[in-house]
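Dear colleague,

Please find below the structure that I promised to pass on, together with its sequence. My notes on what turned up in it follow underneath.

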Amino acid sequence: ITLARNRPILQIMLDCKELLLQGYETGKLIAVAPFLAKTLEGAKGSIVFRPPNPWLMGLLGVFRSVYDVEGLKMNIKFEVEVLCKNLGLRLEEIPLRPGE
């Protein structure tokens, strides 16, 4: 709802990248990935937060890095694929973070 109304999610309120990385490190990615994917889905109706917005593309880059992890559960990969489809992107269009 926030992104669809062109209002940012402040890092003080919710650090999306850190949440995704902590979810991976603690094994709770099965809950974190769908939550963040549904939150970012609001960007499809936004004027400001749709691709190639740097904030959104940075988060999608982290999602892509997680997607490429070997042995990742299929439902998490599915969430990433659905998010990309809803945002009108192909997974290959999302740049990986440098050094990965």
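Which exposed residues does the face of H1 turned away from its buried side carry? Before the answer, please keep in mind that this is a predicted model, so that everything below is computed from predicted coordinates. The residues on that face are Glu-25 and Thr-26, both of them exposed.

The buried side of helix H1 (16-26) is made up differently, for here Cys-16, Leu-20 and Gly-23 are the buried residues. Because these three cover an arc of only 60° around the axis, they come to lie on the same side of H1. As a general point, an α-helix has 3.6 residues a turn, so residues three or four places apart point the same way.

In the segment before H1 there are two residues that you may wish to look at, namely Asn-6 and Leu-10. Asn-6 is not a glycine, and yet its phi is positive, at a value near 65°; with a relative accessibility of 29%, Asn-6 counts as partly exposed. Leu-10 also counts as partly exposed, at 48% relative accessibility, and together with Ile-12 and Met-13 this leucine makes a nonpolar surface patch of about 400 Å². Leu-10 can be part of such a patch because its 48% relative accessibility is over the 30% that is asked of patch residues.

Further along the chain, the loop between helix H2 (29-40) and helix H3 (54-67) holds Pro-52, which is joined to Pro-51 by a cis peptide bond with an omega of about 10°.

As for the aromatic residues, a search of the whole structure finds 1 aromatic pair. The pair is formed by Phe-49 and Trp-55, whose rings are 5.8 Å apart from centre to centre, with 70° between the planes. This pair counts as edge-to-face, because the cut-off for that arrangement is an angle over 60 degrees. How buried or exposed are the two partners, Phe-49 and Trp-55? Phe-49 is buried, with a relative accessible area of 8%, whereas Trp-55 is partly exposed, with a relative accessible area of 30%.

One more ring deserves a mention, that of Tyr-67, since Lys-77 lies over its face at 5.0 Å from the ring centre.

With best regards

Definitions and conventions: Residues are numbered from 1 along each chain as its sequence is written. This is a predicted model: local features need pLDDT of at least 70, side-chain atom pairs count only at pLDDT 80 or more; totals for chains, interfaces and linings use all residues. Side-chain values use heavy atoms; hydrogens and water are left out. Rings of Phe, Tyr and Trp (its six-membered ring) pair if their centres lie within 6.5 Å; planes under 30 degrees apart count as stacked, over 60 as edge-to-face and the rest as tilted. Buried means under 20% relative accessible area, exposed over 50%, partly exposed in between (1.4 Å probe, protein chains only). A charge sits over a ring if NZ of Lys or CZ of Arg is within 6 Å of the ring centre and within 35 degrees of the ring normal. Patches are made of residues with over 30% relative accessible area and no salt bridge: like charges are joined within 9 Å, nonpolar side chains (Val, Leu, Ile, Met, Phe, Trp, Tyr) within 5 Å. Accessible areas come from the Shrake-Rupley method with a 1.4 Å probe; for residues, only the protein chains shown count as cover. A salt bridge is a side-chain nitrogen of Lys or Arg within 4 Å of a carboxyl oxygen of Asp or Glu. Helices (H or I, at least four residues) and strands (E, at least two) are DSSP runs, numbered from the N terminus. The arc is that of the directions from the helix axis to the C-beta atoms.
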